[in-house]
Amino acid sequence: MQRDPAADLTVFEAASRPGGKVITEKTAEGYLCEWGVNAFLDKSPRTLELCEEIGVAVLPADVSAKKRYVFSEGELHQLPEKPPQFFSSRLLSLPGRLRVVGEVFSGRAKKADETLAEFGTRHLGSEAFEKLIDPMASGVFAGDARKMSLKSCFPRIHEVESEYGSLIRGLIKLQKAARKAGKKDTPGPGPGGILTSFEGGMAVITDTLAALLGERLRLNSPIAGISCESGRYTVHTHGGATEEFDRLVLACPAYAQASMLADLSPVFRDLVGGIAYPPLAVVCLGFERDRMGPGLDGFGFLVPSREKREILGTVVDSNVFPNRAPEGRVLLRTMVGGARVPQKAEQPDGALMDSVRSDLQDILGVKTDPEFAQIYRHDRAIPQYLVGHVDRLASIEKELERFPGLLLTGNAYRGVSLNDCVLNAEKTARTLLEGPFDG
């Protein structure tokens, strides 16, 4: 999709750099650390097309990144990649595995909007929920599975359950249909796709897009408020300046949108501002490979809340993308806090580092001191799609009907991943170009 040459575009960015939560730092020690987003799945053609359009080369993850673990009952268990591995895995007890097989009899939900916990327990049993769904919710959303909405967080799973009543039956039928249609990639139980980034880290894509905007991008330009008169929107900057626009897109975090729109509509203030963002701390540690013990192959591991550990999980970044650490070094990226235990993310640096190192020693046997350590703090990290999120969006859309030319987007609404943001950005751009708007 190409920019309309007739469009007069201005982008306001509050920060001194573009990219939002996409920040890549190359340290003096030679480590490449991601402050936020660390990769995307190549299953979305639109993101790959965008990369090609702007001339950036993608970097697929190492094949070993498909190997993932869950820490449970004192040991690491590899997540099964195929059905035979599931039956031989000791992650779930024998009764727990049999309960998962019984999913074919679980039936459709009786609620319009279930939590991940309600869905997981009803379909897979309490043990599978605690050891699989619960850590997945914290790994993807830094969220609490007992509050998050299945319909909003995983809409495709909700659709399959609604149509087939059982995920297993639905998956079998979808795979048969895909093979019949001659498709090489058949639906599987996982999200699908290959983890993908860039040689210089995720900031490559946002920096390139920012460069293409040129002077149309204004950094260090926070917005104090927005007003509307006669169908035109006035943007009020913190410096006291004002500018008028025919159409306005807000793509910043929901809490920032709510602040800007507070005088325009109390409905926006309350509904948009009601989307929660828990705190999250990302702790990056670099080690000499020969001194850190056996380490871990594959992507990394997640920790269920039942384990009562300090950390949510750890990614071995140097396994996923080998250029993330110097030769002979290992880069670990550990998440702490989130909606489950927000107070853990707010610990002082020393206590936070001690908590992470203690868990890494117990889980991975890492006893040596790191040669590199860095903490990246998100006071408000990933937006939470709680039960009722769909109704919240419907109410926001209803209020938007009063304000033609105003569009709200970003990862607070319909998908938190980079792929979701790219798709939603294109939909927003098409709406801007095609309308309908009054006037």
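Helices are taken as DSSP runs of H or I spanning at least four residues, numbered from the N terminus. In this predicted model, helix 1 comprises residues 45-54 and holds both Arg-46 and Glu-49, which lie three residues apart, about one turn of the helix. Their side chains form a salt bridge with an N to O distance of 3.5 Å. Arg-46 is buried, at 11% relative accessibility, whereas Glu-49 is partly exposed, at 39%.

Arg-46 is also paired with Glu-426, where the closest N and O atoms are 2.6 Å apart. This contact links distant parts of the chain, as Arg-46 belongs to helix 1 and Glu-426 to helix 16 (residues 418-434), 380 residues apart. Glu-426 has a relative accessible area of 16%; the limit for a buried residue is under 20%, and Glu-426 therefore counts as buried.

A further salt bridge joins the side chains of Arg-306 and Glu-130, at 2.7 Å from N to O. Arg-306 is located in the loop between strand 15 (300-302) and strand 16 (313-316), and Glu-130 in helix 5 (residues 126-141), so this pair ties together parts that are 176 residues apart in sequence. Both partners are partly exposed: Arg-306 has a relative accessibility of 35%, and Glu-130 has a relative accessible area of 28%.

Through shared partners, salt bridges connect Arg-46, Glu-49, Glu-53, Glu-426 and Arg-430 into one network. Over the whole structure, the search finds 30 salt bridges, including those of Arg-46 with Glu-49 and with Glu-426.

Definitions and conventions
Residues are numbered from 1 along each chain as its sequence is written. This is a predicted model: local features need pLDDT of at least 70, side-chain atom pairs count only at pLDDT 80 or more; totals for chains, interfaces and linings use all residues. Side-chain values use heavy atoms; hydrogens and water are left out. A salt bridge is a side-chain nitrogen of Lys or Arg within 4 Å of a carboxyl oxygen of Asp or Glu. Helices (H or I, at least four residues) and strands (E, at least two) are DSSP runs, numbered from the N terminus. Buried means under 20% relative accessible area, exposed over 50%, partly exposed in between (1.4 Å probe, protein chains only).
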